Amino acid sequence: MEEMLAANRDLTLAGVIVVAPAVFGRPEDRETDEKITDEQKTALGALHLRKIDLADRVLVINPGGYIGESTRREIAYAHATGKPVSFTDPV
């Protein structure tokens, strides 16, 4: 999450309009009332795809080369819709 916030800040200060995820499933939320439900996860997944539709390109923040399952789906969607995809770290 910290890497995403830093990239968002840097790109915004460079004059780029950033459309980024706004909700993150944080490990510390798993034991609290703030846990994201399955229904919310589904809605967020669809929302992220709509954000890709709005984007000119997709920048994947992948510290150490890590890419999670939902991000892999979003990358596949971006490729399928012709959006260029780049990564912060080698895959």
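In the predicted model, 21% of the 91 residues of the protein count as buried. The protein holds three helices and two strands, and these elements follow one another along the sequence in the pattern α-α-β-α-β. Among the contacts in the protein with a separation of 6 or more, 67% are accounted for by residues that lie 24 or more positions apart.

At the start of this pattern stands helix α1, which spans residues 2–13 and therefore contains twelve residues; from its first C-alpha to its last it reaches 17 Å, a value close to the 16 Å expected at 1.5 Å a residue. Helix α1 is followed by Gly15, a residue whose phi is positive, near 90°.

The next helix, α2, comprises residues 38–54, and its axis comes within 10 Å of that of α3, the two axes crossing at roughly 35°. The crossing in which α2 passes α3 is right-handed. On the side of α2, the contact is made by His48, Leu49, Arg50, Ile52 and Asp53, while α3 contributes Glu74, Tyr77 and Ala78. When the residues of this contact between α2 and α3 are divided by character, four are nonpolar, one is polar and three are charged.

Two residues of this contact, Ile52 of α2 and Ala78 of α3, also belong to the largest nonpolar core, whose seven residues are Ile52, Val58, Val60, Ile67, Ile75, Ala78 and Val85. The elements that give two or more residues to this core are strand β1, covering residues 58–60, and helix α3, covering residues 69–80. In soluble globular proteins, nonpolar side chains tend to be buried together. Within the core, Ile75 touches Val60, Ile67 and Val85, and it also touches Phe87, when residues up to four places away in sequence are not counted.

A further residue of interest is Asn62, which is found in the loop between β1 and α3. Asn62 counts as buried because its relative accessibility is 0%, and the limit for a buried residue is under 20%. Leaving aside residues up to four places away in sequence, Asn62 touches Ile67, Phe87, Thr88, Asp89, Pro90 and Val91. Two of these partners, Ile67 and Phe87, are also among the residues that Ile75 touches, and Ile67 is in addition a member of the largest nonpolar core.

Notes:
Residues numbered from 1 in each chain as written. Predicted model: local features only at pLDDT ≥ 70, side-chain atom pairs only at ≥ 80, totals over all residues. Heavy atoms only, no water. Core = buried A, V, L, I, M, F, W, Y, C linked by side-chain atoms within 4.5 Å. Buried < 20%, exposed > 50% of the residue type's maximum accessible area, 1.4 Å probe, protein only. Helix = DSSP H or I, 4+ residues; strand = E, 2+ residues; numbered from the N terminus. Contact = heavy atoms within 4.5 Å. Axes fitted to C-alpha atoms, helices over the stretch in contact; angles between N-to-C directions. Left-handed = near helix turned anticlockwise from the far one by under 90°. Nonpolar A, V, L, I, M, F, W, Y, C, P; charged D, E, K, R; others polar.
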